[in-house]
Amino acid sequence: PDGGVLLRAANPAYEDVVPSAAMRSVARLRTVLDPLELAFGEAFLREEIAALFGVEFNPGNWHSGHVVLKEKNAHVLLVTLNKQGKAADHRYLDHWIDAQTFHWQTQNLTTPASKRGREVIGHADLGIALHLFVRERKLQGGKAAPFLYQGRVRYLRHEGSGQMSVVLGVGA
């Protein structure tokens, strides 16, 4: 009634309690959130993505479109949709099929039998998470454009070899 706080138990056998400075907070952990779940739909520069996985940014590793984080059992797919200005052999046919399905082309030497090809195809059985980051174009306002985190994806099917066309389900 005086604007203070009153602790009321769900069990009617317990009396109401007025909190005091002598009390301490105790909480029960119900679940552990993956920080990446909180990043869904957020924009990140390439240099910022490494920190989401708890690894250090290394330009040699992170300036490709398919980053393997072996120690994290994760593959990070960094996709730029508009390939204008790219060499013909780097104009991968990446596009949204619908809101839940993404078509991604691997790098030119990836086959279903190669290590990366096997890991993408069998990622679920191997315990490897596939994470998709997409941006429309390389530059925004004269600077590197950020990627939007689309979340974990799952392999659905593929065609081809030496450059695989992979269909991924979003929201794995």
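This is a short talk about one strand, the aromatic rings, two pockets and a lysine in a single structure.

Okay, hi everyone. Before we look around, keep in mind that this is a predicted model.

Let's start with strand β3, which covers residues 74–80. How many of its residues are buried? Seven of seven, so the strand is mostly covered. You can also sort its side chains by direction. A74, V76, L78 and T80 point one way, while H75, L77 and V79 point the other way. Both sets are buried.

Now, who are the neighbours of β3? One is strand β2, residues 66–69, which runs antiparallel to β3 and is joined to it by four bridges. If you want one pair to find on screen, look for V67, whose bridge partner in β3 is V76. β2 and β3 make a hairpin with four residues between the strands. In that hairpin, have a look at N73, which takes a positive phi near 50°. Hold on to N73, please, as that residue comes back later.

The other neighbour I want to show is β6. Which way does β6 pair with β3, parallel or antiparallel? Here the sense is parallel, and the pairing runs over seven bridges. To find a spot along that pairing, go to T80, which stands opposite R135 in β6.

Staying with β6, let's talk about rings. There are four aromatic pairs in the structure. One of them is F44 with F133, an edge-to-face pair with 6.5 Å from centre to centre and 80° between the planes. Why is that pair fun to look at? F44 sits in strand β1 (residues 43–44) and F133 in β6 (residues 129–135), so the pair ties together parts that are 89 residues apart in sequence. Are these two phenylalanines buried or exposed? Both F44 and F133 are buried. They also have company: F44, F53, F133 and Y149 form one aromatic cluster.

Next, the empty spaces. Rolling a probe the size of a water molecule over the atoms shows where empty space is left. The largest pocket holds about 480 Å³ of space. Its lining has 24 residues, and R46, S64, G65, L78 and K86 are the ones nearest the centre. Three elements give two or more residues to that lining: α2 (46–52), β3 and β5 (101–105). Which of them gives the most? That's our strand β3, with three residues. As for chemistry, the lining of this largest pocket divides into eight nonpolar, nine polar and seven charged residues.

The second largest pocket has about 170 Å³ of space. It is lined by 15 residues, and here's N73 again, among the closest to the centre together with K72, A129, H131 and R152. The elements giving two or more residues to this lining are α5 (123–126) and β6. This time the split is eight nonpolar, four polar and three charged.

Last stop, a lysine. K83 is in the loop between β3 and β4 (95–98). Does K83 count as buried or exposed? Its relative accessibility is 12%, and the cut-off for buried is under 20%, so K83 counts as buried. What does its side chain touch? The K83 side chain makes a polar contact with the side chain of D94, at 2.9 Å.

That's my tour. If you take one thing to your own screen, start at β3, buried along all seven of its residues, and then step across to β6 through their parallel bridges. Thanks!

Technical notes
Residues are numbered from 1 along each chain as its sequence is written. This is a predicted model: local features need pLDDT of at least 70, side-chain atom pairs count only at pLDDT 80 or more; totals for chains, interfaces and linings use all residues. Side-chain values use heavy atoms; hydrogens and water are left out. Rings of Phe, Tyr and Trp (its six-membered ring) pair if their centres lie within 6.5 Å; planes under 30 degrees apart count as stacked, over 60 as edge-to-face and the rest as tilted. Buried means under 20% relative accessible area, exposed over 50%, partly exposed in between (1.4 Å probe, protein chains only). Two strands pair if DSSP finds at least two bridges between them. On a 1 Å grid over the protein atoms alone, a cavity is a set of points where a 1.4 Å probe fits but cannot get out, and a pocket is an open set with protein on both sides within 12 Å along at least five of seven lines; lining residues have an atom within 4 Å of a point. Grid points are joined across faces, edges and corners, and a volume is the space filled by probe spheres set on the points. Ala, Val, Leu, Ile, Met, Phe, Trp, Tyr, Cys and Pro count as nonpolar, Asp, Glu, Lys and Arg as charged, and the others, Gly among them, as polar. A polar contact is a pair of N or O atoms within 3.5 Å; within protein, one must be able to donate a hydrogen and the other to accept it, and residues adjacent in sequence count only if both atoms are side-chain atoms.
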